[in-house]
Amino acid sequence: MGIDGIIRPELEPLVPYAPGLRASQVRERSGVDRVLKLSSNEHPCGPVPSALAAMRAVLSRVNRYPDGACAALKRKLADRLKVAVDNVVVGNGSNEVLRLIAQSVLRPGDEVVFAWPSFVVYPMVTAIFGATAVRVPLADGDVHDLDAMLAAMTERTRLAFLCNPNNPTGTIYGRDAFARFMERVPDHVLVVVDEAYFEFVTAPGYPDALEWFDGSRPLAVCRTFSKMYSLAGLRVGYGIVPEPLARAIDKVREPFNVNTVAQIAAYYALDDEAEVRRRRAENQEQKTYLYSCFDQLGISYARSETNFVYVRTAKPVEAFEALLQQGVIVRDFGTSPALRVTVGTPEDTERTIQAFEAAVAQLGTL
Ligand SMILES: Cc1ncc(COP(=O)(O)O)c(C=O)c1O
């Protein structure tokens, strides 16, 4: 049989997650010294000071295993979010939480409904656990079509991923649409609302899915410390889930899935609400400025509630290359007619605009 016959055949069509170009690769390729990586929606600033100090202090203790239960961090999240501690699960990034949820509920033959384009991890975890992906195209304006998602559900639907705000478009669906969705969604479907960019949102009509969480209905909400809190390199995110699902996740997760430094950094990062407000306002300012420059350049984009902007372009491959020549790495999506650009510091924004100006000068319109 050999090794090929031993590996699960359903993994064959999957492609490994492609993390985008690294700054060092682009430096070599373009010869530009100062490379700006705007492809992974990372925060441009380092971790909040309180988290950094706590991380340094704990480094000498990493000879010990972490707290496998993440007890202190769970307690703090539960208090902050006004849920029971038994509803909190913590993962090696919210990516792991999404995967652990899928692993706890999916069987071969199940269907998983999600919007498309959306976060690439949804089809990945669906396929890994032998389920079938049901992709529902975004509606006009690149927003979730929640009615179409409901219409796509069948007896076999076990899971629905809602990404709000959505990656890669940055768009949100509103309170009324979500309320209607939650009233109508069948109770054999676990709704997972991925709020990785929750802390960046400023739109008044945004529905915080936790308001619908009562501990018994099949609803889970995932968030992360990777984005607003600048802890992407540590890998820590969390989910608020019904207690039976938390117990199931405890059975399938690794015993020490969240490292000591990540736990302590996340714990202290939660204290810095003033810094979160400052960062949210600065991000909003940079986005507004970007929009005005894009308008002047005749570039089409989706208004974003996140730290990235979805730029629509008929020439994604050429535009990606033209930006790269300026030392600016954005995210492309293969054949999709769009690029995703992370919002950085004010200096980053200036460079981003210059790079887009150069791309437009080179290509005519984008
Ligand atoms: C929508 C969405 N969900 C989840 C994640 C995963 O984040 P992490 O695993 O770093 O917490 C990301 C990261 O880009 C994302 O964009």
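This report walks through the fold, the nonpolar cores, one open sheet and the ligand surroundings of the structure above.

**Overall fold**

Please keep in mind that this is a predicted model. The protein contains 13 helices and 13 strands. Its radius of gyration is 21 Å, close to the 21 Å that the globule rule gives for 366 residues, so the protein is as compact as a globular protein of that length. If you like to picture a box, the C-alpha trace spans about 55 × 55 × 50 Å along its principal axes. Of the 366 residues, 46% count as buried. Among contacts with a separation of 6 or more, 75% join residues 24 or more positions apart.

**Two nonpolar cores**

Two of the cores are summarised here.

| Core | Residues in core | Members include |
|---|---|---|
| Largest nonpolar core | 75 residues | L159, A160, V192, A220, L231 and A265 |
| Second, separate core | 29 residues | L36, L38, F308 and L366 |

The residues named for the largest core are those with the most contacts inside it. Helix α10, residues 260-269, gives the most to this core, with 8 residues. A265 is a good place to look at the packing in detail: leaving out residues up to four places away in sequence, A265 touches P47, A51, A54, M55, L231 and L234.

**An open sheet**

Four of the strands are worth a look together. In the order β9-β10-β13-β12, these 4 strands form an open sheet with antiparallel pairing. β9 (300-302) and β12 (331-332) stand at the edges with a single partner strand each, so one side of each is left without a neighbour in the sheet. Inside the sheet, β10 (residues 308-312) pairs with β13 (residues 338-342) in the antiparallel sense over 5 bridges. To find the register, start from V311, whose bridge partner in β13 is L339.

**Around the ligand**

The ligand has 13 residues around it, and G93, N95, T224, S226 and G237 come nearest. By class, the shell divides into 4 nonpolar, 8 polar and 1 charged.

**A residue on the outside**

Finally, consider T288, which lies in helix α11 (residues 273-297). Is T288 buried or exposed? T288 has 9 C-beta neighbours inside 10 Å, and because a residue with 12 or fewer is classed as exposed, T288 counts as exposed. The C-alpha atoms of T288 and D33 are separated by 28 Å, and these two residues are 255 residues apart along the chain.

Notes: Residues numbered from 1 in each chain as written. Predicted model: local features only at pLDDT ≥ 70, side-chain atom pairs only at ≥ 80, totals over all residues. Near = placed C-beta within 6 Å. Nonpolar A, V, L, I, M, F, W, Y, C, P; charged D, E, K, R; others polar. Pairing = 2+ DSSP bridges. Helix = DSSP H or I, 4+ residues; strand = E, 2+ residues; numbered from the N terminus. Core = buried A, V, L, I, M, F, W, Y, C linked by C-beta atoms within 7 Å. Buried ≥ 20, exposed ≤ 12 C-beta atoms within 10 Å, placed from the backbone. Contact = placed C-beta atoms within 7 Å. Rg over C-alpha atoms; globule rule 2.2 N^0.38 Å.
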